[in-house]
Amino acid sequence: MSHLVYGGLWVILTTVMVQWIIASGAKAKQAGAVPGKIDETLSHNSFVFRAHRTFHNSLENVPFFIAAAFLAIFVGVDSQWFAISVWAFAFARIVHMLLYYGIATERNPSPRSYFFIIGVIANIVVLVQIAIDLVA
């Protein structure tokens with residue numbers, strides 16, 4: 001079971017690395033790009049904005065999930081649901097990324113919101129499994 005969990009965590013971390021490269025590359029190609037700053041007038045109609053927000057959204061969500069997953073590993077959670085939760089989170093983050101890159105919308109909820117929710121549910125499942133193992 002642990003190889004499935006480790007593989008899913010690797011996919012999550014690799015996804016964030018890819019987002020970082022895409023966001024940095026898209027921004028660097030802009031005329032007059034200033035390192036460390038993004039044009040505040042940009043919005044969802046700009047791929048640079050969407051790539052930047054995709055990466056930052058992962059920076060907001062992935063560390064908490066990774067921390068929960070590592071805590072689950074340290075506690076000894078070794079269940080099929082743990083592996084499923086890790087892969088559900090990985091899948092949700094990849095689809096969220098692809099939708100954010102591909103759909104320029106200001107609408108809320110946007111299609112990517114549903115995959116954000118899948119990630120939240122996966123995180124909750126891992127936290128519940130940790131709690132169950134700690135009480136048992």
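## Legends to close-up views of a four-helix model

**Overview of the chain.** Read from one end of the sequence to the other, the protein chain follows the pattern α-α-α-α, with four helices and zero strands (DSSP runs of H or I with at least four residues, or of E with at least two, numbered from the N terminus). This is a predicted model, in which local features need pLDDT of at least 70 and side-chain atom pairs count only at pLDDT 80 or more, while totals for chains, interfaces and linings use all residues. Residues are numbered from 1 along each chain as its sequence is written, and side-chain values use heavy atoms, with hydrogens and water left out. The C-alpha trace of the protein chain spans about 55 × 30 × 20 Å along its principal axes. Of the 136 residues in the protein chain, 38% are buried (under 20% relative accessible area, with exposed meaning over 50% and partly exposed in between; 1.4 Å probe, protein chains only).

**View 1. Helix 1 packs against helix 2.** The axes of helix 1 (residues 2–28) and helix 2 (residues 47–75) come within 9 Å and cross at roughly 160 degrees (lines fitted to C-alpha atoms over the stretch in contact, with angles from 0 to 180 degrees between N-to-C directions). Helix 1 is therefore roughly antiparallel to helix 2 (over 145 degrees; under 35 is roughly parallel, 65 to 115 roughly perpendicular and the rest oblique). Where helix 1 passes helix 2, the crossing is left-handed (the near helix is turned anticlockwise from the far one by less than a right angle; clockwise is right-handed).

**View 2. Helix 1 packs against helix 3, with Phe-91 in view.** Helix 1 and helix 3 (residues 80–102) pack at an angle of about 20 degrees, and their axes are 8 Å apart; the two helices are therefore roughly parallel to each other. The crossing of helix 1 and helix 3 is left-handed. Phe-91 is found in helix 3, where it is partly exposed, with a relative accessible area of 48%. Although Phe-91 and Thr-15 are 76 residues apart along the chain, their C-alpha atoms are separated by 9.9 Å.

**View 3. Helix 3 packs against helix 4, with a cis proline in the intervening loop.** The axes of helix 3 and helix 4 lie 8 Å apart, and the two helices pack at an angle of about 160 degrees, so that they are roughly antiparallel to each other. Helix 3 passes helix 4 in a left-handed crossing. In the loop between helix 3 and helix 4 lies Pro-109, and the peptide bond that leads from Asn-108 to Pro-109 is cis, with omega near 0 degrees. Ser-113 has its place in helix 4 and, at 18% relative accessibility, counts as buried. Ser-113 and Ser-79 are 34 residues apart along the chain, and 28 Å separates their C-alpha atoms.

**View 4. A nonpolar surface patch includes Val-128.** Val-120, Ile-124, Val-128 and Ile-132 form a nonpolar patch on the surface, with about 330 Å² of accessible area together. Patches are made of residues with over 30% relative accessible area and no salt bridge, like charges being joined within 9 Å and nonpolar side chains (Val, Leu, Ile, Met, Phe, Trp, Tyr) within 5 Å; areas come from the Shrake-Rupley method with a 1.4 Å probe, and for residues only the protein chains shown count as cover. Val-128 lies in helix 4 (residues 111–135) and, with a relative accessible area of 42%, is partly exposed. From C-alpha to C-alpha, Val-128 is 44 Å in space from Val-34, and the two residues are 94 apart in sequence.

**View 5. Arg-53 and Glu-60 form a salt bridge.** The structure holds one salt bridge (a side-chain nitrogen of Lys or Arg within 4 Å of a carboxyl oxygen of Asp or Glu). Arg-53 forms this salt bridge with Glu-60, and the closest N and O atoms of the pair are 3.4 Å apart. Arg-53 itself, at 23% relative accessibility, counts as partly exposed.
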